[in-house]
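The following account leads through a protein–DNA model, beginning with the contact between two chains and then turning to a DNA strand. Please keep the structure in view while reading.

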Protein chains: 2
Amino acid sequence: MVMNQTIYEMNGKQFQCPIELSVSIFSGKWKTTIICQLLEGKKRYGELNKNIVGITHKMLAQQLRELEEAGIVHRQVYPATPPKVEYKLTVLGEGLRPIVEYLQEWGKHFESSMSTDP
Amino acid sequence: MVMNQTIYEMNGKQFQCPIELSVSIFSGKWKTTIICQLLEGKKRYGELNKNIVGITHKMLAQQLRELEEAGIVHRQVYPATPPKVEYKLTVLGEGLRPIVEYLQEWGKHFESSMSTDP
DNA sequence: CTGTATCCTAGCTGATACTG
DNA sequence: CAGTATCAGCTAGGATACAG
């Protein structure tokens, strides 16, 4: 059963149900793309920047920071020159895999219904 | 396996994978709340407006329209005075139920990790 | 290589009033 | 009852330049 009416709060934002909270986690233009990337495994900052077409330094850094603060992404710094930073999903982040896979299935289903339904 | 790099297009917006497309469907401040409501069953406009705390006419109408255009919500008008309009999920929309339920579970898990993790 | 800091804009969102 | 119209504010996102 799907709940509602209860008010959840996090970082000053309010949510009417846990689902809103979850969705707010990967709302943001690049969050899902980043998560997709990291579902493939550990990645360096530069790799992400190269793989994710169109993203800017600012947005990549910012969205990574938000994912990190949410406890979804772990940031590993190797002190060296030049610096090396690796990002990977936390256990919590890995828990998103089934959702992401289901979203992918549903997205494909959605696409095909678009061509036959309108 | 999670795909990427392929470009999907819909309504002029571009997506790098089906997941982005899916997420874009229920991104929007009230979309998930509306979907939650309709997962409980058919609802009238006034019911939604009453149940969803804080939403305005404009946003409710607008988000419902977008969900309708995406083929997630069906709008049934009963010609009468005063008018009566019912909204319900389409088959495609019902397909979101497992996602919503998983998001709820994950959201709760997320909450508890917030209190023990930081 | 891995970021910050600034500045700027489009578009989402809300308040309010009006309508069939 | 179930919307639409208009206007205004905020904020997410992008371009660009700078930095450790």
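**The interface of chains A and B**

Chain B and chain A each bring 48 residues to their contact, where contact means heavy atoms within 4.5 Å. The model is a predicted one, in which local features need pLDDT of at least 70 and side-chain atom pairs count only at pLDDT 80 or more, while totals for chains, interfaces and linings use all residues. Residues are numbered from 1 along each chain as its sequence is written, chains are lettered from A and ligands numbered from 1 in the order in which they are written, and side-chain values use heavy atoms, with hydrogens and water left out.

The size of an interface is often given as the accessible area lost when the parts come together. Between chain B and chain A the buried area (accessible area, 1.4 Å probe, that two parts lose on being put together, summed over both) is about 4400 Å², and carbon and sulfur atoms give 67% of it. No salt bridge is found across this interface by the rule, which asks for a side-chain nitrogen of Lys or Arg within 4 Å of a carboxyl oxygen of Asp or Glu. The polar contacts number 9 residue pairs, both residues being at pLDDT 80 or more. A polar contact is a pair of N or O atoms within 3.5 Å; within protein, one must be able to donate a hydrogen and the other to accept it, and residues adjacent in sequence count only if both atoms are side-chain atoms.

On the side of chain B that touches chain A, β1 (8-10), α1 (18-25), α2 (31-39) and α6 (97-116) of chain B each supply at least two residues. Helices (H or I, at least four residues) and strands (E, at least two) are DSSP runs, numbered from the N terminus. The most comes from α6(B), with 14 residues.

A turn of 180° with a shift of 0.0 Å along the axis lays chain B on chain A with an RMSD of 0.1 Å, superposed by least squares on the C-alpha atoms of residues with pLDDT of at least 70 in both. This is the relation of a two-fold axis. Both copies use the same surface, since 100% of the contact residues of chain B recur in chain A.

**The surface near DNA strand D**

Around DNA strand D there are 21 residues, of which A:Lys29, A:Lys58, B:Arg44, B:Arg75 and B:Tyr87 come nearest; a residue is near if one of its heavy atoms lies within 4 Å. The side chain of B:Tyr87 has an N or O atom 2.7 Å from a phosphate oxygen of the strand.
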